[in-house]
Amino acid sequence: MNRYRLPDHAVSGDSDTTVFLLHGAYGSKDYFRDLTATLVQAGYRVVAWDAPGYGLSPLPASGLSIERLAEAAARLIEHTGGRRNVVMGHSMGGITAPLVTRLAGDRVHGLVISATLGSFARKSAEDKVTFLKERIEPLKRGVPFRTAAEAVVRSMFAPGSAGPLVDQVREVALSMSADTFCAAIEAIVNYDGLQTMRAVSVPALLIAGAQDKVGRPDGMRELTAVIPGARFVCIEGAGHYSFAEQPGAFNAALLSFLDGLPQRAAA
């Protein structure tokens with residue numbers, strides 16, 4: 001008998017409201033440790049996953065797609081969700097999160113998108129070329145993943161960003177599997193989520209780093225015209241990883257949004 005294996009995940013806290021944390025292409029649930037602790041201390045329950053191919057979650061033989069990632073996350077919400085659930089996706093997780101929200105239906109009551117334009121198709125032609133050239137071409141030439149990724153990951157932080165949370169993100173990003181990373185980039189490039197974002201029907205928050213070269217703040221601000229009623233917050237002094245670079249400002253924006261959600265889930 002075939003039994004579906006849920007992606008590896010960590011459950012923390014106890015609350016009627018569960019926040020699901022979906023990491024990016026350079027990542028795993030491990031770089032959300034501080035954010036998880038902050039949310040639990042604020043009275044929320046947290047489920048942080050390792051997406052298929054990350055951490056202890058095996059890479060599917062069929063590879064990755066945003067659609068399959070969203071299906072896996074929706075199943076995770078079905079099995080581990082609470083009375084009220086919020087999906088927060090960072091970078092690749094932010095591309096996936098709107099589709100998760102659609103697939104999970106009335107189980108999801110809020111959406112947070114961090115550091116992504118939500119669809120590769122929304123990037124400029126120059127950004128598309130740079131995105132692939134920096135990330136994939138060195139690996140094709142046989143450069144070890146850690147070596148190839150070092151400069152890219154460093155460039156995604158704002159100048160001067162430092163500290164233990166930044167170090168943690170960097171180490172998580174540089175320690176992942178090259179096969180998983182390449183599969184994730186292919187998934188990102190092949191997905192167009194514009195129509196899915198237009199169909200979002202739950203309260204939504206968009207968080208950008210003011211100096212993010214990937215999820216550019218001007219592009220994220222434009223998503224307020226795509227996602228009905230979405231709020232936009234720009235974190236000064238942060239690049240792509242504002243939750244680690246400026247955790248105080250990021251956490252304040254996130255908690256303000258969570259605290260403002262309707263207290264009762266839809267029947």
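Which residues line the second largest cavity? They are Y31, D34, L35, L165, Q168, V169, F243 and A244. This is a predicted model: local features need pLDDT of at least 70, side-chain atom pairs count only at pLDDT 80 or more, and totals for chains, interfaces and linings use all residues. Residues are numbered from 1 along each chain as its sequence is written, and side-chain values use heavy atoms, with hydrogens and water left out.

Start with the empty space. Rolling a probe the size of a water molecule over the atoms shows where empty space is left. Here the search runs on a 1 Å grid over the protein atoms alone. A cavity is a set of points where a 1.4 Å probe fits but cannot get out. A pocket is an open set with protein on both sides within 12 Å along at least five of seven lines. Lining residues have an atom within 4 Å of a point. Grid points are joined across faces, edges and corners, and a volume is the space filled by probe spheres set on the points.

The structure holds two cavities of 30 Å³ or more. The second largest has a volume of about 40 Å³. Three helices, α1 (33-41), α7 (164-174) and α11 (242-245), each supply at least two residues of its lining. Helix α7 gives the most, with three residues. Helices (H or I, at least four residues) and strands (E, at least two) are DSSP runs, numbered from the N terminus. By class, this lining has six nonpolar residues, one polar and one charged. Ala, Val, Leu, Ile, Met, Phe, Trp, Tyr, Cys and Pro count as nonpolar; Asp, Glu, Lys and Arg count as charged; the others, Gly among them, are polar.

Now turn to the largest cavity. Its volume is about 200 Å³. It is lined by 23 residues, and S91, M92, F131, I188 and V214 lie nearest its centre. Helices α3 (92-104), α4 (125-135) and α8 (178-189) each supply at least two lining residues. The largest share, three residues, comes from α8. The lining divides into 14 nonpolar, seven polar and two charged residues.

An open space comes next. The second largest pocket contains about 200 Å³ of space. Of its 13 lining residues, T130, E134, R135, K213 and V214 are closest to the centre. Helices α4 and α6 each supply at least two residues of this lining, and α4 gives the most, with five. Seven residues of the lining are charged, four are nonpolar and two are polar. V214 is thus among the residues nearest the centre of the largest cavity and among those closest to the centre of this pocket.

Next, the charged pairs. Side chains of opposite charge can pair when their charged atoms come close. A salt bridge is a side-chain nitrogen of Lys or Arg within 4 Å of a carboxyl oxygen of Asp or Glu. By this rule there are eight salt bridges. One of them joins D50 to K29, with the closest N and O atoms 2.6 Å apart. This pair links distant parts of the chain, 21 residues apart. D50 sits in the loop between β3 (45-49) and α2 (66-80), and K29 in the loop between β2 (17-22) and α1. Both are buried (under 20% relative accessible area; exposed is over 50%, partly exposed in between, with a 1.4 Å probe and protein chains only).

E150 takes part in two further bridges. With R154, the closest N and O atoms are 3.4 Å apart. R154 and E150 are separated by about one helical turn, because they are four residues apart in helix α6 (residues 145-155). R154 is exposed, with a relative accessible area of 52%. With R170, E150 has its closest N and O atoms 2.6 Å apart. R170 lies in helix α7 and E150 in helix α6, so the pair ties together parts that are 20 residues apart in sequence. R170 is partly exposed, at 30% relative accessible area. Elsewhere, salt bridges that share partners join D8, K29 and D50 into one network.

Finally, the sheet. Seven strands form an open sheet in the order β1-β3-β2-β4-β5-β6-β7, with mixed pairing. Strands β1 (9-12) and β7 (231-235) stand at the edges, each with a single partner strand, so one side of each is left without a neighbour in the sheet. Two strands pair if DSSP finds at least two bridges between them. Strand β2 pairs with β4 (residues 84-90) in the parallel sense over six bridges. F20 has V87 in β4 as its bridge partner.
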